[in-house]
Protein chains: 2
Amino acid sequence: MFRHIVLLAWTADATAEQRAEVVAQLSKLPGAIPEIRRYEIGEDAGLNAGNHSLGVVADFDDVDGYLVYRDHPVHLAVIEEYIKPILAGRAAVQHEL
Amino acid sequence: MFRHIVLLAWTADATAEQRAEVVAQLSKLPGAIPEIRRYEIGEDAGLNAGNHSLGVVADFDDVDGYLVYRDHPVHLAVIEEYIKPILAGRAAVQHEL
């Protein structure tokens with residue numbers, strides 16, 4: 001299996017609606033991208049200062065499955081339309097599982 | 001369930017031995033901290049520029065289980081002894097699963 005982990009930090013002026021819409025749009029991706037084997041999203045619980053805002057853990061059969069996801073037009077559209085407008089920071093790792 | 005995700009970036013001068021030792025030490029934590037329900041570690045595959053170096057996804061029954069882990073002396077010792085000396089960046093999120 002192959003895993004993609006991304007943590008996103010929102011801008012201070014990001015609204016609750018904008019933040020919720022990102023979760024809603026990302027949640028549609030497993031339906032649009034069959035290479036996704038597991039897809040878990042969560043908003044930070046606020047336990048520790050300095051955390052990012054949103055975490056996504058996505059699993060695929062292999063690297064090729066991840067690359068389909070990474071470059072998929074539906075995924076890229078969510079990034080452009082919903083994520084970039086409120087993005088303050090991003091950290092990611094992809095690794096064999 | 002409750003999830004902790006952390007992504008760590010190493011300094012440029014971190015040696016392969018130091019990087020491997022972090023993985024080895026973190027891999028011992030499930031044996032020392034029974035609150036850990038799931039613990040997956042992976043070194044970045046190098047597919048995308050700007051990524052962090054190491055990803056950890058840890059699951060617990062609940063927030064209290066995560067807090068035991070976060071503040072556990074064995075965990076804190078790994079951070080002090082093996083992670084901080086080569087740490088260039090860190091991003092984290094904790095969320096309900």
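Select R3(A), D59(A), R38(B) and E40(B): these four residues are joined in a network of salt bridges. The model is predicted, and the tour starts from this network and then turns to the interface and to each chain.

**The bridge from R3(A) to E40(B)**

Within the selection, display the side chains of R3(A) and E40(B). They form a salt bridge in which the closest N and O atoms are 2.6 Å apart. In total, the rule finds two salt bridges across the interface of chain A and chain B.

**The interface as a whole**

Next, colour the two chains separately and select the residues in contact. On chain A there are 29 such residues, and they meet 29 residues of chain B. The area buried between the two chains is about 2,200 Å², and carbon and sulfur atoms give 57% of that area. Polar contacts can be added to the view: 16 residue pairs across the interface, both residues at pLDDT 80 or more, are in polar contact.

To see which elements of chain A face chain B, select β1 (2-10), β2 (36-43), β3 (54-60), α3 (63-70) and β4 (87-96) of chain A; each gives two or more residues to the side that touches chain B. Then keep β4(A) alone, as this strand supplies the largest share of that side, six residues. Colouring the same side of chain A by class shows 14 nonpolar, eight polar and seven charged residues.

**A pair within chain A: R38(A) and E40(A)**

Move to R38(A) and E40(A), whose side chains form a salt bridge with the closest N and O atoms 2.9 Å apart. How exposed is each partner? E40(A) has a relative accessible area of 17% and is therefore buried, since the limit for that class is under 20%. R38(A), at 25% relative accessibility, counts as partly exposed.

**The pair of residues 80 and 84, in each chain**

Select E80(A) and K84(A), which meet in a salt bridge of 2.6 Å from N to O. Here K84(A) is partly exposed at 46% relative accessibility, and E80(A) is partly exposed at 47%.

Now select E80(B) and K84(B). Their side chains also meet in a salt bridge, with 2.6 Å between N and O. E80(B) counts as partly exposed at 48% relative accessibility, as does K84(B) at 47%.

**Closing view**

Finally, show every salt bridge in the model: over all chains the structure holds 14. Side chains of opposite charge can pair when their charged atoms come close.

Key. Residues are numbered from 1 along each chain as its sequence is written. Chains are lettered from A and ligands numbered from 1 in the order in which they are written. This is a predicted model: local features need pLDDT of at least 70, side-chain atom pairs count only at pLDDT 80 or more; totals for chains, interfaces and linings use all residues. Side-chain values use heavy atoms; hydrogens and water are left out. Contact means heavy atoms within 4.5 Å. Buried area is the accessible area (1.4 Å probe) that two parts lose on being put together, summed over both. A polar contact is a pair of N or O atoms within 3.5 Å; within protein, one must be able to donate a hydrogen and the other to accept it, and residues adjacent in sequence count only if both atoms are side-chain atoms. Helices (H or I, at least four residues) and strands (E, at least two) are DSSP runs, numbered from the N terminus. Ala, Val, Leu, Ile, Met, Phe, Trp, Tyr, Cys and Pro count as nonpolar, Asp, Glu, Lys and Arg as charged, and the others, Gly among them, as polar. Buried means under 20% relative accessible area, exposed over 50%, partly exposed in between (1.4 Å probe, protein chains only).
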